[in-house]
Each structure stands twice: as structure tokens, then as C-alpha cells.
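Q: I should like to learn how the features of a structural model are read. May we go through them one at a time?

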Amino acid sequence: MKLVIGIVRPEKANDVLEALYRAQVRGVSMSRVQGHGGELERVETYRGTTVQMGLAEKVRFEIAVSDEFVQPTVDALCEGARTGEVGDGKIFVLPLDAAVRIRTAETDHGAVTPVDK
Amino acid sequence: MNLVSLLAAVPQVDSGDTAWMMAATALVLMMTPALGLFYAGLVRSKNTLNTFMMCIAAIAVAMVTWALVGYSLAFDGTGDLIGGFGYVGLHGVGFLPRNSESTIPHLLFMAFQATFCIITVALVSGAVVERMRFGAFLVFATLWSVLVYAVLAHWAFGGGWLAERGTLDFAGGVPVEMASGFSALAAALVVGARKDYGRQALLPHNAMYVLLGAGLLWFGWFGFNGGSGFNTGTNSVLAFTNTLITPACALVTWFALDLIRGRKATAIGAATAIIVGCVLITPAGGFISPGWAMVLGFLGALPCYAMIQWRPRTRVDETLDVLAAHGVAGFTGILFIGFVAQIGWNGLADGLFYGNADQLLDQALAAIAAPAYAFTVTFILLKLIGAVMPLRASEHDEAVGMDVTYHGEEAYVTGEGAILVFPEDGGTLPVPVADPG
């Protein structure tokens, strides 16, 4: 069991969701975050005040998956989020100790496997 | 000739009419920022400023072209298709009324008409938001305000062939509503759909802006319709009152349709109904009785509602439904006059229901000619501009959003992590912390 964290461009978030859906990865959390990677930064001007936007808007996906789903998930994140420009984001894969589905108290593998209704 | 008869021949300025028309002009100008608010609420947050800026740009561009040539082409002389060049650069537009029927200074008449040109240009932008390059839009707005708006204004208001035939158009069903609606359709076809259109849900980002914008538009519309009599006479009072009645009736119809279809009366639907109602009564305001104005609101909303339901199911990304809310509603309003105009209310002509079938023919001519002209000229104009410069933002810029791309600003900037840049640094920026190079 792994926790896959993907930090991607907000404008690619929908493409990532589509790619994940095609890869049959269903349980996803996403949040808007601000971050700093290597991208060439934006310069904005507000009434004579010019600022360099040090932090860029990003979308952070958190996906808990069983081991056989790790590679398809990473592939889907890459496929959906890549533009080829600096600032496409990062993917982190972390070990996951335990997972519980609150509704049924299923644990671990059962908890991260989608149920078919 | 004695002094008395000489004085009678000089057109007189009426102080009451002038006071009202100054207020009405300001009201109509306010409609353009109000439209900006309405449109900005309907787009995604990353395009908020750009959408509003298209309306601001319309004020800048259309006012200048109007003063330079537009006004002259629309209102100088009574040529069939186009006016003359006598008022180019506002030459000869002064404090005396423009003709013996007018009771307001010519200069004020010009200013009032200018605000109409401005909002019409702004209306068309609704078809191309979220993807058109700002520079290309400025070029388009410049040419469109002269080639389409000024020409149609001449046809309907300035003594052109429609006005000459006796087509009734009180406040701009021809040059404002049908012109913007059918031009919007052409613009959407030439510029093309947004890259995610039909694939993702592209939702309004702020329904409150939409409601506030609609409310301010309705308020401004009292100047738009109430001022289109150019005085404080009976037609003006009738148009003013009908501007209250028709949108209220359109709202009732919209609520009913929303409730029947989805069991919920939607807020953005209500905002749309206000616009549709105001547009319906725009051509008819000073010509039909308050009773028929109610009927117009109740029934006229139906084709517009149907269009708004149908259009998103097509491949045509006419993004903010200018065709449904302005083109179809203006068309309906123009035709409706031909049925129900009453000489007892307007002092000019009866419609078909009161024994004058010719009036319906005159109205139908306008309802065919204006859309055909607006669509054709806009289509060709954008094709020509597109041959010289790209009309659309790149896919990358479209994804990032028009605000950052074309204005270097964001509507909802957080300021977190922003570093001040001082020009005396010579323009070199601090190196990013994790510079990959």
C-alpha cells in the first residue's frame, strides 16, 4: 500500500482526473496549494507596484492505492500533468501503514479498493 | 421677416429634456461596466479581469471611433445605406439641436448615441471570452464599431432605408440587439470554441457578480429606453414604464420554465431573464401599450429560453449566449411591434392587430436585413483580421488564463510569496530558490 502525492499545475488538474479515471483509479483527494519549484516566475504589476510572484498555484492530489496500482497511478499523473515546461510538478510515493474505510471499518487493501455499487 | 418668425425657425433647446438626456446618457454609460460585471461572473476566475477589460476597452475604442467617424456615418444626412462625412471629428456638432424636431443640444445627442455604440461593442465580446487575444479584440472592436454598428444605426435611427420605410425601432433592436447577437454568432464561429468546450464543465465562477451586473443593467436600461425618445414626452414615459413591466414578466416565465424543467428556480437564470426582458422591450418600448408589454415579456422569453437550453448542446461555443439573450430577443421584439403597435399609444402607426399589415412587413424586413448584415460583415471582418494576426491565445495561455497572460494581474491575488521588484534593479529578477538551470 502506498500514498501517491502528485503536485501539478492547476490548469492540468482536469487532465489528471481524466487520466486517473481511465486508469481506473477512483479514490482521490485534491487540494489547492501554493508552492515553489523551479519555474520561471510570473511578474505582475498593480498600479505601479511590480511584484514577482514567488509562489505558484498548484493542485495537490493524494491517492492511496494498493501496490499493483502504484505504477498506473504514477503513469496517469505524468500523462495528465506533463506539458514539458518547467513547473509541471512532482510526484512522491510514500509507504502507507494503514487505511480504514470509515463506513464499513474495512482495513488496508479492502479500504483502498473501490467498491462497485 | 420679422424677429418673431426668425426666432421660431431657430430650433429651441428645452431645459427639461436636456436635463433628462444628460442623466440618461450617464445611465447608459454605466451599463457597460455593469455588463462587465455580468460577463465576468459568468466566466472562470482566471479570466475575470480580461472579460471585464473587454467591456472597458469597448468604452475606450468605440468612443474614439464614434467621435472620429462613426457618428458622422450614422447621423449625417439621409443616404439609404450610409451617412456622410460632415460630422467627422465632431465638426459642427454644437449646442443647437440637430434638427427642428430635436429639443436637446446636438452635442448631447451625439454623446447619448455614443454610449449605445460602446455597449454594443462590449456585448459582442461575450461570444469570444476566455480565448481571444486582447490585441486582436481591440482591432476587431475598432473596425466593428464603424463597419457594423454605425451602418446599422444609420439604417434604423439616422434616416437610412429602414427608418425611411417606417420601420419602428425605439431604442435599438436593429443596431444594438440584433447586431450584437448575430455578430456574436459569427465571431464564435470564426474564433472557434474554447479548447475544453464540450469536454469539461466550464462554470460561472461568481453568481453574485452575475446578479449584481443584471440589476445594474436593468437600472441603466431606464436611461437606454427612457432616453430613446430624446425628450420627456409620452413615448419616453411609455418606454420607461414598459422597461419596468416587460422584464418582470420575463422573470415570471423564466421561473415557471425553470421550475417545470429542473424543479428549481435558478439565480443565474433569473439574471438572464432580466436581460432578456430588457432586450425584448428595447425596440418596442415607446410603441406598444403596457398590456402588450406584459404579453411580450411572458411570451417573448420562450424562444430565448429554448435557445439557451439548446445552444450548449451544439458545437458552437457562443460562450455567454449573446445570440439568445440579444439576437433572438431583439428579433422577437422587433417583430412583436408589427403585430401590436397602437397609434393611440405611440402616435405613429398601428400594427397588424389594429388593421395595418404593412407595419408587420416593415418590421420583418428589419428582422431579416439586420441579422444578415451583422453576421456577414462580422464573419468577413474577423476572417480578414485573422489573416493578419492570430485571433486566439495559445493553448498554454488559454490554460493559464487570460488575466495573467494579457494583463499581468489576477482578480483574486493572494500576494503570498510576492517579492517587490524595484525598477532601479535594472529589471533583473532575483534568481528562484530552486533554479533548475
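Q: In which sense do strand 2 and strand 5 of chain A pair, parallel or antiparallel?

A: Strands and helices are DSSP runs numbered from the N terminus, a strand being E over at least two residues and a helix H or I over at least four; two strands pair if DSSP finds at least two bridges between them. Here strand 2 (residues 29-35) of chain A and strand 5 of chain A pair in the antiparallel sense, over seven bridges. Within that pairing, A:Ser29 has A:Glu62 of strand 5 as its bridge partner. The model is predicted, so local features need pLDDT of at least 70 and side-chain atom pairs count only at pLDDT 80 or more, while totals for chains, interfaces and linings use all residues. Residues are numbered from 1 along each chain as its sequence is written, and chains are lettered from A and ligands numbered from 1 in the order in which they are written.

Q: Which residues of strand 5 of chain A stand opposite A:Leu3 and A:Val8?

A: Strand 1 (residues 2-8) of chain A also pairs with strand 5 (residues 56-65) of chain A, antiparallel and over seven bridges. A:Leu3 has A:Ala64 as its bridge partner, and A:Val8 stands opposite A:Val59.

Q: In what order do the strands of this open sheet of chain A lie?

A: The four strands follow the order 2-5-1-6 in chain A, with antiparallel pairing. Strand 2 and strand 6 (89-95) of chain A are the edge strands, each pairing on one side only. Neighbouring strands of the sheet are turned by 20° against each other on average, direction ignored.

Q: Which strands does helix 1 of chain A touch, and across which does helix 2 of chain A lie?

A: Contact is a distance criterion: two residues are in contact if their C-beta atoms, placed from the backbone, lie within 7 Å. Angles run from 0 to 180 degrees between N-to-C directions, with axes as lines fitted to C-alpha atoms, for helices over the stretch in contact. Helix 1 (residues 13-22) of chain A packs on the sheet and touches strand 1, strand 2 and strand 5 of chain A, its direction making about 150° with that of strand 1. Helix 2 (residues 70-81) of chain A lies across strand 1, strand 5 and strand 6 of chain A, at about 5° to strand 1.

Q: Which strands make up the open sheet in the order that includes 1(B)?

A: Three strands form that open sheet, in the order 3(A)-4(A)-1(B), with antiparallel pairing. Its edge strands are strand 3 (42-46) of chain A and strand 1 (418-421) of chain B, each pairing on one side only. The twist averages 35° from one strand to the next. Strand 4 (residues 49-53) of chain A is joined to strand 1 of chain B by four bridges, and A:Gln52 stands opposite B:Ile419.

Q: How many helices does chain B have?

A: Chain B has 16 helices and one strand. Its radius of gyration, taken over C-alpha atoms, is 23 Å, close to the 22 Å of the globule rule for 437 residues, so chain B is as compact as a globular protein of that length; the rule is 2.2 Å times the number of residues to the power 0.38. The C-alpha atoms of chain B fill a box of roughly 90 × 55 × 40 Å along the principal axes. Among contacts in chain B between residues at least 6 apart in sequence, 75% join residues at least 24 apart.

Q: Is B:Thr25 buried or exposed?

A: A residue is buried if 20 or more other C-beta atoms, placed from the backbone, lie within 10 Å of its own, exposed if 12 or fewer, and partly exposed in between. B:Thr25 has 22 other C-beta atoms within 10 Å and is therefore buried. This residue lies in helix 2 (residues 15-42) of chain B. Leaving aside neighbours within four places in sequence, B:Thr25 is in contact with B:Leu108, B:Ala111, B:Phe112 and B:Thr115. Over chain B, buried residues make up 51% of the 437 residues.

Q: At what angle do helix 7 and helix 14 of chain B pack?

A: Two packed helices are described by the angle between their axes and the distance between the axes. Helix 7 (residues 173-191) and helix 14 (residues 357-388) of chain B pack at about 40°, with axes 8 Å apart. That angle makes helix 7 of chain B oblique to helix 14 of chain B; angles under 35 degrees count as roughly parallel, over 145 as roughly antiparallel, 65 to 115 as roughly perpendicular and the rest as oblique. Residues making the contact include B:Phe182 of helix 7 and B:Phe375 of helix 14.
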